[in-house]
Amino acid sequence: MIRRRGALFVVSAPSGAGKTTLCREARLRLADLAYSVSYTTRVPRSGEIDGTDFWFVSEARFRDLRDRGEFAEWATVHGHLYGTRASVLQEALNAGRDILLDIDTQGAAQLRRRYPEAVLVFIVAPSMAELEQRLRERRSDADREIARRLDRAREEIAMWRQYDYLIVNRDLKEAVDQLTAIIVAERARTSRLALGLPDLDLPQKEVRH
Ligand code: 5GP
């Protein structure tokens, strides 16, 4: 059996780019892909379940966790606090489990510093006009909120260079194909393989010919 460490797959996108659906579809297709449930101080939207979509906590609880160094990364997004519990990532990586994170660009930059081998994927809508239309179709947000999200989208899109991969979400199936292909390929990287491959006769050191 070839053993390997777990890998971190970080997915970011401006809101409206289709990231939530894309992540959900990729997780349905791929076995053994855990999901990092973030902590947040925002209130649940209808249908969201505590412990599945997010851990919904008070500001006091969030600050307490943050001050005790419990978060691998945290950020303020749209006026609310969001963070990823460090112990959850560490346990997954040590157990050789891959884990998918849906976090913003500030959080992705922090994770890149902490885990240089993390794989960063950025998702964009085909155009700003399309992004605006998708936000309006959701109808869950007021005009002022949409304008705020579009401003924030511009700031986030400017960060695309810090990512390893960029997916333009024109067509859901095509975008899911791309995301799963990235994950499948990254899983096969030799640098992720643990030393000691007992039933394969692979040399452990580089062989010079
Ligand atoms: P929403 O509250 O609309 O689901 O998410 C708002 C934004 O917060 C999204 O861009 C999402 O990726 C980001 N986000 C969710 N969880 C985390 C987290 O744990 N850390 C950071 N930095 N961003 C997060």
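In this predicted model, Gly 16 occupies the loop that runs between strand 1 (8-12) and helix 1 (19-29). Gly 16 has a relative accessible area of 8%, and it counts as buried because that value is under 20%. Among residues more than four places away in sequence, Gly 16 touches Leu 131, Arg 134, Leu 135 and Arg 138. The pairing with Arg 134 joins distant parts of the chain: the two residues are 118 residues apart in sequence, yet their C-alpha atoms are 5.7 Å apart in space.

Several of these partners lead to helix 5 (128-138). Leu 131, Arg 134 and Leu 135 are the buried residues of helix 5. They lie on the same side of helix 5, because the arc that they cover around the axis is only 100 degrees. The face turned away from this buried side carries the exposed residues Ala 129 and Glu 137. Helix 6 is included in what covers the buried residues of helix 5.

Helix 6 itself spans residues 143-157, 15 residues in total. From its first C-alpha to its last it reaches 21 Å, close to the 21 Å expected at 1.5 Å a residue. Its buried residues are Glu 145, Ile 146, Arg 149, Leu 150, Arg 152, Ala 153 and Glu 156. These buried residues pack against helix 5, and also against strand 5 (71-77), helix 4 (105-114) and strand 8 (119-124).

Arg 134 of helix 5 also provides a link to another loop, for it is one of the residues in contact with Asn 169. Asn 169 is found between strand 9 (165-168) and helix 7 (172-187). With a relative accessible area of 6%, Asn 169 is buried. Its contacts, with neighbours within four places in sequence left aside, also include Ala 17, Gly 18, Ile 123, Val 124, Ala 125, Pro 126 and Ala 175. In the case of Ala 17, a polar atom of the Asn 169 side chain lies 2.8 Å from the backbone oxygen of Ala 17.

The path now turns to helix 1. Lys 19, Leu 22, Cys 23 and Ala 26 are buried in this helix. Viewed down the axis of helix 1, its buried residues fall within an arc of 95 degrees, and therefore they line one face of the helix. Thr 20 and Leu 28 are exposed on the other side of helix 1. The elements against which the buried residues of helix 1 pack are strand 1, strand 7 (98-102), strand 8 and helix 7. Strand 8 thus appears among the packing partners of helix 1 as well as among those of helix 6.

Arg 27 also lies in helix 1. Its relative accessibility is 35%, so it counts as partly exposed. Leaving aside neighbours within four places in sequence, Arg 27 is in contact with Leu 33, Tyr 35 and Leu 100. The C-alpha atoms of Arg 27 and Val 176 are separated by 9.7 Å, although these residues are 149 residues apart along the chain.

Lys 19, one of the buried residues of helix 1, leads on to the ligand. A polar side-chain atom of Lys 19 lies 2.8 Å from an oxygen atom of the ligand. Glu 73 places a polar side-chain atom 2.8 Å from a nitrogen atom of the ligand. Gly 83 takes part through its backbone, with an N or O atom 3.2 Å from a ligand oxygen atom. Taken alone, the ligand exposes 510 Å², and the protein buries 92% of that area. In total, 15 residues surround the ligand, and the closest are Ser 38, Arg 42, Glu 73, Tyr 82 and Asp 102.

Two residues remain to be considered for their backbone angles. Asp 32 has a phi near 60 degrees, which is a positive value in a residue other than glycine. Asp 32 is placed in the loop between helix 1 and strand 2 (33-35), and it counts as exposed, at 64% relative accessibility. His 78 likewise has a positive phi without being glycine, in this case near 45 degrees. The place of His 78 is in the loop between strand 5 and strand 6 (80-85), where it counts as buried, at 18% relative accessibility.

Terms used:
Residues numbered from 1 in each chain as written. Predicted model: local features only at pLDDT ≥ 70, side-chain atom pairs only at ≥ 80, totals over all residues. Heavy atoms only, no water. Helix = DSSP H or I, 4+ residues; strand = E, 2+ residues; numbered from the N terminus. Expected span 1.5 Å × (residues − 1). Buried < 20%, exposed > 50% of the residue type's maximum accessible area, 1.4 Å probe, protein only. Contact = heavy atoms within 4.5 Å. Arc of directions from axis to C-beta. Near = heavy atom within 4 Å. Polar contact = N/O pair within 3.5 Å; in protein donor to acceptor, adjacent residues only side chain to side chain. Areas by Shrake-Rupley, 256 points an atom, 1.4 Å probe, with all protein chains shown as cover.
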